[in-house]
Amino acid sequence: MCALIDLGTATTLLGSKPTTLKIPDTSDDMVTHVDRCNWSAAESSLAYQVNRYANPAMAATIVRGITGHMPPAAQSLDFPPSGKGFVVAIGAKAMGRAIVPLTSGVVLDLTTTAATSAKAEALLHQLADTLTRAVG
C-alpha cells in the first residue's frame with residue numbers, strides 16, 4: 001500500500017528519488033498487513049511490512065526467529081523495546097534486517113540495502129523511527 005512511507009518520505013530516507021514496488025495484501029485471520037511496501041533508489045533500498053497479529057505471542061516468536069537465523073559475519077542490533085536486527089556486508093553492498101514489536105501490538109518487519117553496513121544500519125534505524133512515529 002505504501003501509505004506510511006510515501007514518495008516524499010522515501011526520497012528523504014534514501015537520499016534520492018526512488019521507484020516503488022507495491023506488494024499485494026495477503027492478510028488473514030492471524031495477521032493483518034497494516035501497510036507494506038518496497039522503495040528502491042540507485043544506491044539503496046528499504047522495504048517494510050507493518051503487521052498486526054491476532055496472537056500477541058507471535059511477535060516474540062518472530063524476534064527469536066531473526067536472532068536464531070543471522071548470517072555469519074552479521075553485526076547484531078537492538079531496537080527498543082524488544083526488537084532485534086542485524087546488518088551484514090554482501091559483496092559490494094550491505095543489507096540490514098530488523099523485527100521491531102511495538103507496545104501497541106504492531107510488529108515492524110524491516111529490510112534495507114546500502115553501499116556500506118554503516119549506511120544500511122543508519123537507514124534501518126531511520127526507517128524504524130519513522131514507522132514507530134507513524135503507527136504508535
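Start by colouring the charged side chains: the protein chain of this predicted model carries 10 positive and 10 negative ones, and the centres of the two sets lie 3 Å apart.

Now switch to a cartoon view. You should find three helices and seven strands, which follow one another from the N terminus as α-β-β-β-α-β-β-β-β-α. Rotate the C-alpha trace onto its principal axes, and the spans come to about 40 × 35 × 25 Å. A compact globule of 136 residues would have a radius of gyration near 14 Å, so the chain's 14 Å agrees with that.

Next, turn on the surface. About 6800 Å² is exposed, with 59% of that supplied by carbon and sulfur atoms. Buried residues account for 39% of the 136 residues.

Time to go inside. Select Ile5, Leu46, Tyr48 and Leu110: within the largest nonpolar core, which has 28 residues, these touch the most other members. Elements that each supply at least two residues of this core include helix H1 (7-14), strand E3 (45-53) and strand E7 (106-114). Helix H3 gives the largest share, six residues.

Stay with Leu46 and show its surroundings. Leaving aside residues up to four places away in sequence, Leu46 touches Ile5, Leu13, Leu14, Cys37, Asn38, Trp39, Thr111, Thr112, Leu123 and Leu127.

Then move to a second, separate core of 10 residues; select Tyr53, Val63, Ala74 and Val107, which are among them.

To finish, display contacts between residues at least 6 apart in sequence: 45% of these join residues at least 24 apart.

Terms used. Residues are numbered from 1 along each chain as its sequence is written. This is a predicted model: local features need pLDDT of at least 70, side-chain atom pairs count only at pLDDT 80 or more; totals for chains, interfaces and linings use all residues. Side-chain values use heavy atoms; hydrogens and water are left out. Helices (H or I, at least four residues) and strands (E, at least two) are DSSP runs, numbered from the N terminus. The radius of gyration is taken over C-alpha atoms; the globule rule is 2.2 Å times the number of residues to the power 0.38. Buried means under 20% relative accessible area, exposed over 50%, partly exposed in between (1.4 Å probe, protein chains only). Contact means heavy atoms within 4.5 Å. Accessible areas come from the Shrake-Rupley method with a 1.4 Å probe; for residues, only the protein chains shown count as cover. Lys and Arg count as positive and Asp and Glu as negative; His and the chain ends are not counted. The place of a charge is taken as NZ of Lys, CZ of Arg, CG of Asp or CD of Glu. A nonpolar core is a set of buried Ala, Val, Leu, Ile, Met, Phe, Trp, Tyr and Cys residues joined through side-chain atoms within 4.5 Å.
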